[in-house]
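Biologist: I have not looked at this one before. Can you walk me through it?
Modeller: Yes, go ahead and ask.

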There are 2 protein chains.
Amino acid sequence: MSTVQGARARARLEVTAAIKDEARRQLAAEGAAKLSLRAVARELGMVSSALYRYFPSRDDLLTALIIDAYDSLGQSAERSHEAVAEAAPLERWVAVCEAVRRWSLDHPHEYALIYGSPVPGYVAPQATVPAAARVGLLLIGVVRDAHDGPGGLEELPAVPEELRAEADRIAADLAPDLPAPVAAALVVAWAQLFGLVGFELFGQFNRVVEEREPFFRHAARQLGRGVGLH
Amino acid sequence: MSTVQGARARARLEVTAAIKDEARRQLAAEGAAKLSLRAVARELGMVSSALYRYFPSRDDLLTALIIDAYDSLGQSAERSHEAVAEAAPLERWVAVCEAVRRWSLDHPHEYALIYGSPVPGYVAPQATVPAAARVGLLLIGVVRDAHDGPGGLEELPAVPEELRAEADRIAADLAPDLPAPVAAALVVAWAQLFGLVGFELFGQFNRVVEEREPFFRHAARQLGRGVGLH
DNA sequence: GTGCTGACAAGAGCATTGCTCTCGTTTGTG
DNA sequence: CACAAACGAGAGCAATGCTCTTGTCAGCAC
């Protein structure tokens, strides 16, 4: 045992990383549909069959890229949030939303991979769940801070009777310390945020919205108000 | 000229329709990624090269399916709207939203085709634009009716200064008879609607929201209030 | 040190795909 | 009636994901 981890294991990690890097490059350049195992192998100077020692199938490679994408998005959002950690909750909320938008515009194909149509079959592998939750947790955190902070949270109208139980369940799962209407509104806002980003990204706003950035900022603000921030 | 349109032309239309039908079947069964020209031809008892007389490429077939999907969605929404044409504007708004959700759940792969990641390259062919606008126009109509109707429209706060000009432009393009803040809010709500639907469809709500239908109805109602309906 | 085992790379190969080209045949029309 | 356009069939090309077999080399136990 000359090295801590074994030279073999280290080499394996390096090759795995190189494969993912090259795959990410092709993903960014051409999109998920054109990501080809053979092309990745070719670019790396290996033969295609050798690649299967590291990823048992193309879908497994894609899954790895999906997890990385969630992480990258989460990290971006968290960093942007830290930069305005002292600001008022509504400003922090908007900052997180804008970070999500920025990342998405900068990584359109990776966005499509995680929030567009599920590319492989339909399976969202269990492994992606924790990574996927990061942005959501961040938004919850902002609202919780506002709730506990000096200004408090705007009181939201009660949810309709038919939704009372469900809202309670959502709150219990996501943020037991927040009022049920706030928790429900948070989930709605979370989905709506990605609706806005997706529409801009996939061209639905072409010929409709020109000044995308102020438009989005305004919408994000409204979203924040919808969960009780002010 | 024995027939009105020529037997040949009619045959062509029939074959074209048969191809699209079979393609739609495969799309619904397996998704856009697995839609194969050869498989379609095989199922129709023709040879693959013959199919190219009708669609010059796989992308062209997909484009045809996209237009049909937009039309199908638009028709669904319009029908649902007509069924509640006498109701209050907010009810009609919710009905249209629910029709969009219903159609999307019933045609997940077609939804993915038009609102998911752009499957081929990036091109949204010009031909799809009018079909794509139908749901939007329907929503605009509901709000316009409310604006002109007895109850009127809730007054919306003015948009921030940085967005004033853009909101005016959007209103001029989309609905010159509506106040600019309403027009801007409409675009936002439009995007958010598809954010909600997409999140449910693509599994983002798994383990988060259980009672999807009342949850969506509530969210749709909020969306309607956001554009001034009541 | 010396073997042995398991990880690895390389190559050939299979089924499938989108698409092109060529060659007869049919068909509607000037 | 003749002719051109439309059509179907088949072969073929380059590429893909994936499998199987074969040779090789590194790292471990003895």
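Biologist: Which base atom of DNA strand C does a polar side-chain atom of R53(A) lie close to, and at what distance?
Modeller: R53(A) has a polar side-chain atom 2.9 Å from a base nitrogen of DNA strand C. That falls under polar contact, meaning a pair of N or O atoms within 3.5 Å; within protein, one must be able to donate a hydrogen and the other to accept it, and residues adjacent in sequence count only if both atoms are side-chain atoms.

Biologist: Before we go on, what am I looking at, and how is it numbered?
Modeller: It is a predicted model, in which local features need pLDDT of at least 70 and side-chain atom pairs count only at pLDDT 80 or more, while totals for chains, interfaces and linings use all residues. Residues are numbered from 1 along each chain as its sequence is written, chains are lettered from A and ligands numbered from 1 in the order in which they are written, and side-chain values use heavy atoms, with hydrogens and water left out.

Biologist: Back to strand C. Which residues come nearest?
Modeller: S49(A), R8(B), R38(B), R42(B) and R58(B), out of 22 residues around DNA strand C. A residue is near a strand or molecule if one of its heavy atoms lies within 4 Å of it.

Biologist: What do S49(A) and R42(B) sit against?
Modeller: The side chain of S49(A) has an N or O atom 2.7 Å from a base oxygen of DNA strand C. For R42(B), a side-chain N or O atom is 2.6 Å from a phosphate oxygen of that strand. In chain A, α1 (7-30) and α3 (48-51) each give two or more residues to the surface near strand C, as do α1 (7-30), α2 (37-44) and α3 (48-51) in chain B. Helices here are DSSP runs (H or I, at least four residues), strands likewise (E, at least two), numbered from the N terminus.

Biologist: Which element gives the largest share there?
Modeller: α2(B), with three residues. By class, the surface near DNA strand C has nine nonpolar, five polar and eight charged residues. Ala, Val, Leu, Ile, Met, Phe, Trp, Tyr, Cys and Pro count as nonpolar, Asp, Glu, Lys and Arg as charged, and the others, Gly among them, as polar.

Biologist: And strand D, which residues are closest?
Modeller: Strand D has 21 residues around it, and the closest are R38(A), R42(A), R12(B), S49(B) and R53(B). Of its atoms within 4 Å of the protein, 47% belong to sugar or phosphate and the rest to bases.

Biologist: What touches the phosphates of strand D?
Modeller: Among the contacts, a polar backbone atom of L37(A) is 2.9 Å from a phosphate oxygen of DNA strand D. A side-chain N or O atom of R42(A) is 2.7 Å from a phosphate oxygen, and one of Y54(B) is 3.1 Å from a phosphate oxygen. α2(A) gives the most to this surface, with three residues.

Biologist: What does UniProt mark in chain A?
Modeller: An unreviewed UniProt entry places "DNA-binding region" at residues 36-55 of chain A. UniProt positions are given in the numbering used here, feature names are shortened, and annotations may be inferred rather than shown by experiment. In the model that span is 60% helix and 0% strand, with its end C-alpha atoms 13 Å apart.

Biologist: How many helices and strands does chain A have?
Modeller: 11 helices and zero strands.

Biologist: New topic. How much area do chains A and B bury between them?
Modeller: About 4,000 Å², 66% of it on carbon and sulfur atoms. Buried area is the accessible area (1.4 Å probe) that two parts lose on being put together, summed over both. F199(B), F215(B) and H218(B) supply 13% of the area that chain B buries against chain A, more than any other three residues.

Biologist: How many salt bridges are there between the two chains?
Modeller: Two, where a salt bridge is a side-chain nitrogen of Lys or Arg within 4 Å of a carboxyl oxygen of Asp or Glu. R217(B) and E162(A) meet in a salt bridge (3.2 Å, N to O). On the chain B side of this contact, α10(B) gives the most, with 11 residues.

Biologist: What does R217(A) pair with?
Modeller: R217(A) forms a salt bridge with E98(A) (3.0 Å, N to O). R217(A) is in helix α11 (residues 212-226) of chain A and E98(A) in helix α5 (residues 89-106) of chain A, so the pair ties together parts 119 residues apart in sequence.
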